[in-house]
Amino acid sequence: MYSWLNVPSYWRNKSRRYMLIGGKCRDCGHKFFPFRRTCPKCGSRSVIEEKLPRRGRVLEHTVVHNPPRGYEYYTPYVLALVELEDGAKVLAQLTDVDPEEVKEGMEVEMSLRILRVCGESGFIAYGYKFRPATK
C-alpha cells in the first residue's frame, strides 16, 4: 500500500485535487490558486476558501518532450498557465489537443483526468487538466 495514502493531509486536501479550490483575500479581493492561508498579493491572513471557475484562457504554454521519471509514456504534453474567468491563475496540463494547435488566448475548461498510473498495483491518480472549451 502507498504510504502517502495514509497521510492525513492527503485526505484533508482530497477535494482540492478534484475541484479548483483556491483562495480569496477578504482585504484586497485577490483570488489565487492553490489555496494558502496568506494572501500572496497583500500579505493579509484574512483569506477564505473559494471554488474557482472551471473555464479560462491560455496565457503561456510550453511543450514537454523530456519529462521527469514516471511520465515518459505521456510525452509530448503541454503545460499551460491558465487565467480563469475570475482572474486566478492555474498551472496545468492541457489535454485533448495537439501541441501545435495550442495558442495564447485559447479558451479552455477544466476536466477531471488520469494524471498517472502508479506502480505494479495500478493505483490510478486523478486530478484536473484543461481541454479546449466547448461552445
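## Close-up views of a predicted chain

**Figure 1. The whole chain, from end to end.** Follow the sequence and you meet the pattern α-α-β-β-β-β-β-β-β-β. That makes 2 helices and 8 strands; here helices (H or I, at least four residues) and strands (E, at least two) are DSSP runs, numbered from the N terminus. What you see is a predicted model, in which local features need pLDDT of at least 70 and side-chain atom pairs count only at pLDDT 80 or more, while totals for chains, interfaces and linings use all residues. Residues are numbered from 1 along each chain as its sequence is written, and side-chain values use heavy atoms, with hydrogens and water left out. Of the 135 residues in the chain, 36% are buried. Buried means under 20% relative accessible area, exposed means over 50%, and partly exposed is in between (1.4 Å probe, protein chains only). The chain's accessible surface is about 8,600 Å², and carbon and sulfur atoms account for 51% of that. Accessible areas come from the Shrake-Rupley method with a 1.4 Å probe, and for residues only the protein chains shown count as cover. Take the contacts between residues at least 6 apart in sequence: 47% of them join residues at least 24 apart. Contact means heavy atoms within 4.5 Å.

**Figure 2. Gly22 and its neighbours.** Look for Gly22 in strand S1 (residues 21–25). Gly22 counts as buried because its relative accessibility is 0%. Leaving out residues up to four places away in sequence, Gly22 touches Phe32, Phe33, Phe35, Ile48, Glu49, Glu50 and Leu52. Pro53 is 31 residues from Gly22 along the chain, and their C-alpha atoms are 9.9 Å apart.

**Figure 3. Glu50 and Lys31.** Glu50, one of the residues that Gly22 touches, sits in strand S3. Its side chain makes a polar contact of 2.9 Å with the side chain of Lys31. A polar contact is a pair of N or O atoms within 3.5 Å; within protein, one must be able to donate a hydrogen and the other to accept it, and residues adjacent in sequence count only if both atoms are side-chain atoms. Not counting neighbours within four places in sequence, Glu50 is in contact with residues including Leu20, Ile21, Lys24 and Asp86.

**Figure 4. Two rings meet: Phe33 and Tyr128.** How many aromatic pairs does a search of the whole structure find? The search turns up 1. Phe33 and Tyr128 form it edge-to-face, with 5.7 Å centre to centre and 80° between the planes. The pair ties together parts that are 95 residues apart in sequence, because Phe33 lies in the loop between S2 and S3 and Tyr128 in strand S8. For the cut-offs, rings of Phe, Tyr and Trp (its six-membered ring) pair if their centres lie within 6.5 Å; planes under 30 degrees apart count as stacked, over 60 as edge-to-face and the rest as tilted. Both Phe33 and Tyr128 are buried.

**Figure 5. Two backbone oddities.** Most residues other than glycine have a negative phi, and most peptide bonds are trans. The bond from Phe33 to Pro34 is cis, with omega near 0°. Pro34 is in the loop between strand S2 (31–32) and strand S3 (47–51). Asp96, which is not a glycine, has a positive phi near 60°. You can find Asp96 in the loop between strand S6 (89–94) and strand S7 (107–118).

**Figure 6. Leu94 in strand S6.** Is Leu94, a residue of strand S6, buried or exposed? Leu94 is buried, because its relative accessibility is 5%. Setting aside residues up to four places away in sequence, Leu94 touches Val58, Val78, Ala80, Val102, Val108 and Phe130. The C-alpha atoms of Leu94 and Leu79 are separated by 6.1 Å, and these two residues are 15 apart along the chain.

**Figure 7. Strand S7, with Ser111.** Ser111 belongs to strand S7 and is buried, at a relative accessible area of 6%. The side chains of Ser111 and Arg113 share a polar contact of 2.9 Å. Without its neighbours within four places in sequence, Ser111 is in contact with Arg54, Gly127, Tyr128, Lys129 and Arg131.
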